[in-house]
Amino acid sequence: MSDTKQIARRSGFSLMASLVLLGCGGAGGGDGAGANAVTSLTGAGATFPYPIYSKWFDAYARETGVEVNYQSIGSGGGVRQFTAETVDFGATDGPMTDEEIAGVQGNVVHLPTVLGAVVLTYNLPSLGDHPLRLDAATIADIFLGRITKWNDPRLVALNPGTDLPNQDLIVVHRSDGSGTTFVFVDYLAKVSTDWQEQVGVGKSVNWPVGLGGKGNEGVTQQVSQLDGTIGYVELVYAVSNSLRVAEVQNAAGQFVTPSLEAVTAAAAGVSMGPDTDFRVSITNATGEASYPIASYTWLLVHADNPDVSKAQAIQSFLRWILTPEAQAMATDLGYAPLPESVATLARTRIASLLGGGQALK
Amino acid sequence: MNEPESNVAPPKGEPHGFQDLSGTNVGDIVFKTVLILGALLIPVLLGFLVWELVDGSRLAIQEYGLGFLTSSTWDPVAEEFGALPLIFGTLLSSLLALLIAVPLSLGVAVFLTEFAPARIRSPIAFLLELLAAIPSVVYGLWGIFVLIPFLRATIFPFLQGTLGFLPFFSGPIYGPSMLAAAVILAIMVMPYIMSVSREVLLAVPASQREAAIALGATRWEAVTTAVIPSARSGIIGAIILGLGRALGETMAVTMVIGNTHELAASLFAPGYTMAAVVANEFTEASTDIHFAALTYVALALFVVTLAVNAFARLLVWRVTQKASGSGGGR
């Protein structure tokens, strides 16, 4: 008995020791890389684009030898770390607010990288293969808790020829703060003044009804296990898990199935001027083919980086992201690429980034 | 002459030599210093932790004061925060978990020390202790995929059918709920309570049992009158350990509790806990006041845990007092 305890203790210690060693190794490596500005960049932020970012960083390191360390700690953390200057660039799904920008003396540029979309997924076996059709006002009232039955006259009117049951409608939303939530409630606030007044827009909100699931997987599980549920998840996640998704009526009155093309179309439907700061919401976009619940995701970089060599490294990296090859990688992973007009504007902005107050070569 | 002298010298020198050893031996001084530093490190760390929590939540403390603990709105957009449903959820889920886990794990511990055939004791104890090594996210996933569907299909309808007249078992059944969280927590704290109580029961001298049996007690009577009373303080300690684990558990709970800021009497209704809200919202808390409110929740959790532990210590202390009092009487 005491022998086994002894062994357990010893192995516990050696485990701890090796963890500590690992920790030191990791930290040491990070520091060493950080000191050498030209061969490595660090970034932190949004989790939604993490799969494509890590693919980009990997490919970029192979092509140029510049390592990019990215921690997907969440958009809020990305903005925080960027503001605290602990990273070279940040990443966020929701643009920085004016106050936050004032917090960095306006020395920030939002650069869109790819597009994401939020889809409504539901579990209603009696609907069969008919996709559920929803319009903006109905979605808002469902999530406000005003439509509580599947055979509500408004749902029936939107879905003629289907057999909607007299069954409770159960809402599922994200419980963790999330860019996905931000995009979804941004849409709801645009289409419903009641939502704007009662709930508002944020990465976490005070939901009037529903169950909270942690992450896309948490929402999906609750929806798939419980009849009569409706929830929202990222398009990428819905596609890779073949979830049943609703068609949503866009601002032009068309019912649109969420797809990469429909998302890129939404982005193209919101025009930006040459002096744009890219902090543009593309929810409820105009255009016949636009899917209305979509958004950019952004990288945050300094407009004028005092460290010239770092500014240059970031500039070439950003240029690379907007090449057709890199954007094609995004499509492969299920992210919608930027429309050409926006990519052109972004390239122009990247070219005018400053380092140490001077134009970069 | 030399020999007697050398015989006399050690007794004279020994106490002196001992004192020299403890005072001047370099190895001892280093060892002692290291130990003192190690011992000091823990209170210092704790101090830093508290300071960091208080400092981080200062904004929220100024804004909401103690009303934070009794308000139940949680609206990050309107910047209104209240932690009552969280405190309620944390305490209720942990207490329910203990209600389920304590009888089970005590039963197992007694069975393994007193009744089980010697051959199966170690394997079963080993397997139960393995439960403690499973990461909580795995418990959470298991909860989502296995436990919740099972509870929703069988246990919950049964409870509602038989005890539905009680407010605790009324209302719609979704699956993710306070009760599901309590069941997951119970499974997670069981190995701790079981394993510690088993050690404590093993430490009860065999003479206690033998004496009881010699007086004509059955094995059951020997266990309840002789073994468990002398292990009582240790068993309470084991329960406290389990409670501490339950109060702080985050990942598995947030995956099955439904994450809703509501005070509901029904155990089938979704709830929320303090640890879960911090884990859920911390990464995306972009405004300062939201950040401060979450830190305030963490501070409240710290205080609640401290209070529960202090109360438990008091309980252990009183039980030991009583036990030693009655021991003296005998």
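This report describes a predicted model of two chains, A and B, taking confidence, domains, the chain contact, the sheet of chain A and a few single residues in turn.

Residues are numbered from 1 along each chain as its sequence is written, while chains are lettered from A and ligands numbered from 1 in the order in which they are written. Because the model is predicted, local features need pLDDT of at least 70 and side-chain atom pairs count only at pLDDT 80 or more, whereas totals for chains, interfaces and linings use all residues.

## Confidence and domains

The pLDDT is the predictor's confidence in each residue, from 0 to 100. Chain A averages a pLDDT of 86, and 89% of the residues score at least 70. Over residues 1-37 of chain A the pLDDT is below 50, and this stretch has eight contacts in the model beyond near neighbours in sequence. Two residues are in contact if their C-beta atoms, placed from the backbone, lie within 7 Å.

Domain bounds come from an automatic or database domain assignment. Chain A is divided into domain 1 (3-115 + 271-280 + 295-359) and domain 2 (118-268). The contact between them takes 17 residues from domain 1 of chain A and 15 residues from domain 2 of chain A. On the domain 1 side, α3 and α14 (340-351) of chain A each supply at least two residues. Helices (H or I, at least four residues) and strands (E, at least two) are DSSP runs, numbered from the N terminus. By class, that side of domain 1 of chain A has nine nonpolar, seven polar and one charged residues. Here Ala, Val, Leu, Ile, Met, Phe, Trp, Tyr, Cys and Pro count as nonpolar, Asp, Glu, Lys and Arg as charged, and the others, Gly among them, as polar.

Chain B is divided into domain 1 (17-56) and domain 2 (59-328). The C-alpha centres of these two domains of chain B lie 34 Å apart.

## Contact between the chains

In the model, 27 residues of chain A are in contact with 24 residues of chain B. On the chain A side, the elements that give two or more residues are α3 (75-83), β7 (211-213) and α9 (215-225). The residues on this side of chain A divide into eight nonpolar, 16 polar and three charged. Helix α3 of chain A thus appears both here and at the domain contact within chain A.

## The sheet of chain A

Eight strands of chain A form an open sheet with mixed pairing, in the order β2-β1-β3-β11-β4-β8-β6-β7. Two strands pair if DSSP finds at least two bridges between them. The edge strands are β2 (67-71) and β7 of chain A, each of which pairs on one side only. The twist averages 25° from one strand to the next; axes are lines fitted to C-alpha atoms, for helices over the stretch in contact, and angles run from 0 to 180 degrees between N-to-C directions.

Three of the pairings, with one residue pair from each, are set out below.

| Strands (chain A) | Bridges and direction | Residue pair |
|---|---|---|
| β4 (109-123) and β11 (294-301) | eight, antiparallel | A:A117 and A:A294 |
| β4 and β8 | six, antiparallel | A:V119 and A:V233 |
| β6 (170-174) and β8 | three, parallel | A:V172 and A:G231 |

Strand β8 (residues 229-234) of chain A is mostly covered, with six of its six residues buried. A residue is buried if 20 or more other C-beta atoms lie within 10 Å of its own, exposed if 12 or fewer, and partly exposed in between, with C-beta atoms placed from the backbone.

## Single residues

Most residues other than glycine have a negative phi. A:Q105 has a positive phi, near 55°, and sits in the loop between α4 (98-103) and β4 of chain A. A:Q105 counts as exposed because it has 9 C-beta neighbours inside 10 Å. B:E79 also has a positive phi, near 60°, and lies in the loop between β1 (74-75) and β2 (80-81) of chain B. With 15 other C-beta atoms within 10 Å, B:E79 is partly exposed.

B:D75 is found in strand β1 of chain B and is partly exposed, since 18 other C-beta atoms lie within 10 Å. Leaving aside its neighbours within four places in sequence, B:D75 is in contact with A:N206 and B:E80. The C-alpha atoms of B:D75 and B:H261 are separated by 9.7 Å, although these residues are 186 residues apart along the chain.

B:L45 lies in helix α2 (residues 26-64) of chain B and is exposed, because 10 other C-beta atoms lie within 10 Å. B:L45 and B:P85 are 40 residues apart in sequence and 30 Å apart in space, C-alpha to C-alpha.
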